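Please look over the sequence and the structure shown here. The report that follows covers two helices and two single residues.

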Amino acid sequence: MALASLARRKGYLLSRTFSNQTSEALRYSLSLTSFSRGFASSGSDESDVVVIGGGPGGYVAAIKAAQLGLKTTCIEKRGTLGGTCLNVGCIPSKALLHSSHMYHEALHSFANHGVKIASVEVDLPAMMGQKDKAVSNLTRGIEGLFKKNKVTYVKGYGKLISPSEVSVDTIDGGNTIVKGKNIIVATGSDVKSLPGITIDEERIVSSTGALALKEIPKKLVVIGAGYIGLEMGSVWGRLGSEITVVEFASEIVPSMDGEIRKQFQRSLEKQGMKFKLNTKVVGVDTSSGGVKLTLEPAAGGEQTTLDADVVLVSAGRTPFTSGLGLDKIGVETDKGGRILVNERFATNVPGVFAIGDVIPGPMLAHKAEEDGVACVEFIAGKVGHVDYDKVPGVVYTHPEVASVGKTEEQVKALGVEYRVGKFPFLANSRAKAIDDAEGLVKVLAEKETDKILGVHIMAPNAGELIHEAAIALQYDASSEDIARVCHAHPTMSEALKEAAMATYDKPIHM
C-alpha cells in the first residue's frame, strides 16, 4: 500500500492553498487582520461578529461564530434565511430535478422493471408545492439553528456606514444601526444579465423564473450551457418541453474535463436536448406573444431566427457588491466587483472581511460555507483552511457529472507526467442490476508518485460518489490508496475503486 500519503498529511491544518487563477488577488498582507480589536462584553450592544447576508456562507459563518463563543448578529434582506441557494437556487432546483426524473422514469423505465401504469400525467402545481414545502421547511430550520446558537437575526438590507457599523433598512419599514467588532460581507451573487435582453420572469426568465413557471412551455431556449442552464433544461425537457441550448463558446461546461464533457453532451443529446454552440444572441423580439431570437455565429456571419415560448437566460452570475457602502469605507474590489481579501478573508479595511461569491474563487454554496467557517476561525484566533483546488463541482442532471481536482487538460498544461485510469459503469454490477449504467469514472494521477491529481465521474448519483475522491485529494492519497480500500459489493462506488486500480495497475472487472 502507498504509505507516503500518510506522511504528507503532517502540517495539513496549517496550510491554505488557493488556485493559481485567484492566488495573486487574494494574497494581501496578513497585517491587515484585526485581532487587536477585541471582543464585546456580554452586556454590550456591540457584536463580536456581524454577518451581512444569510446565505450558505453567511448563516454558516454566523452559527460557527456563535459556537466559538462570539456574540453574533446576521443581517438578511430577503426575510428568509438560506440565500439564493436555498430559496431560489440549489434546493428548489434539486427538488424539481428529482420530481421531473421520477416522472420521466415512470414514462420510460418502469415497464422495464415490470411496473405497468395505465397513464401518467404531470400535476405541475403539486410538483411546485412539493418544492416550496422543502424550501419552507429548510429556511425555518435555519432560523431554529439561529435560536439554538443564540445568533441575533435582523431582517433587512444592510449597508456599511463605517468599518464597525451597518445601517439596516428593516423589512418592516424601519431603520436600525448594528455595530460590530468584525463585519463579514457574505451577500452572494446575482444573475448576470446580457446586453439587449430584458428579463421579465415570464417569457424571458432567469433561473428564479424557471423554477416557478406556471405551465410547461412547448419550446424552451436556454442561453448558456453551464451548470444551471443544463439542469433547468433537463427539468423542463423531462416534463415535455423541446429544449435548445444556445452557447457562445465552442463547448458546454468549459470547466469540465474534455473527455467527460463529450460523453455528457452525447448523453444530453440522446435525451432530446439540442445545442447551438459558437452562437450568440443578437436580437430578441417579444411582440408576437412568444419570443423570437435572432442568432449569429460567435465569429460573425449569417443570421438565423429561433422561436421559443420561454427563454432562460443562464449566462452565469455576478458578485452582489453594489449598494453595500463598500466604496464609502474604502474596501477594494476588482474590475468584476469582487472584494479583494487576503488569506484570512480580511479586506484592506481592518475589521471588514468577505466570503463566498463576493470574493474570487468558485461560485458554489459549499465553497461559501467553507469560507465562512475558516473566516470565523481566523477572527477567533484559530486557524482556518480552504483549498480551492479541491472543491468538488457537480452538475445535477441525469446522469450527474461530478469532479474534484484537475482536468486532464490542466494536468497537460502543467507539464506533469501522469497516468489515467478509467472504468465504465457498464462493467459495474450494481449499475447493471438497476439498469442505469451510463457513464464512467476517470482518475488522473502523477506518474512518479501515484498522487491523485483529479477525479471525474459521470453516473447516477455522481455527486455522492465524488466525496471519496475529495477526501483522497485532501490528504494527498495515491490511486493505490483508494484501490486497496475494501468497497462494499455491489455498489456504484466500486467503479471508483476499479478506476483507481486501472490507474496504477489493472482493473479486475474489465
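What covers the buried residues of helix 11? The cover includes strand 1, helix 3, strand 5 and strand 16 (352-354). Helices (H or I, at least four residues) and strands (E, at least two) are DSSP runs, numbered from the N terminus. Buried means under 20% relative accessible area, exposed over 50%, and partly exposed in between (1.4 Å probe, protein chains only).

This is a predicted model, in which local features need pLDDT of at least 70 and side-chain atom pairs count only at pLDDT 80 or more, while totals for chains, interfaces and linings use all residues. Residues are numbered from 1 along each chain as its sequence is written, and side-chain values use heavy atoms, with hydrogens and water left out. The protein chain has a mean pLDDT (the predictor's confidence in each residue, from 0 to 100) of 92, and 91% of its residues reach 70 or more. Over residues 1-37, pLDDT stays under 50.

**Helices 3 and 11**

The expected span of a helix is 1.5 Å times one less than its number of residues. In both helices the distance between the end C-alpha atoms agrees with that span.

| Helix | Number of residues | Expected span | End C-alpha distance |
|---|---|---|---|
| helix 3 (residues 56-67) | twelve residues | 16 Å | 16 Å |
| helix 11 | 15 residues | 21 Å | 21 Å |

Ten of the twelve residues of helix 3 are buried, so the rest of the structure largely encloses this helix. Among them are P56, Y59, V60 and I63. The buried residues of helix 3 pack against elements including strand 1 (47-52), strand 2 (72-76), helix 6 (124-149) and helix 11 (365-379). G69, just after helix 3, has a positive phi of about 90 degrees.

In helix 11, the buried residues include K367, D371, C375, E377 and F378. Just after helix 11, G381 has a positive phi of about 85 degrees.

**R238 and Q263**

R238 lies in helix 8 (residues 227-238). R238 is buried but has no salt bridge, that is, no side-chain nitrogen of Lys or Arg within 4 Å of a carboxyl oxygen of Asp or Glu. The nearest side chain of opposite charge, E400, is 7.9 Å away. The side chain of R238 does reach the backbone oxygen of L97 at 2.7 Å. Beyond four places in sequence, R238 has contacts (heavy atoms within 4.5 Å) with residues including L97, Y103, H104 and T397.

Q263, in helix 9 (residues 258-270), is partly exposed, with a relative accessible area of 26%. Not counting residues up to four places away in sequence, Q263 touches L440 and M458.

How values were computed: Lys, Arg positive; Asp, Glu negative; His and termini not counted. Polar contact = N/O pair within 3.5 Å; in protein donor to acceptor, adjacent residues only side chain to side chain.
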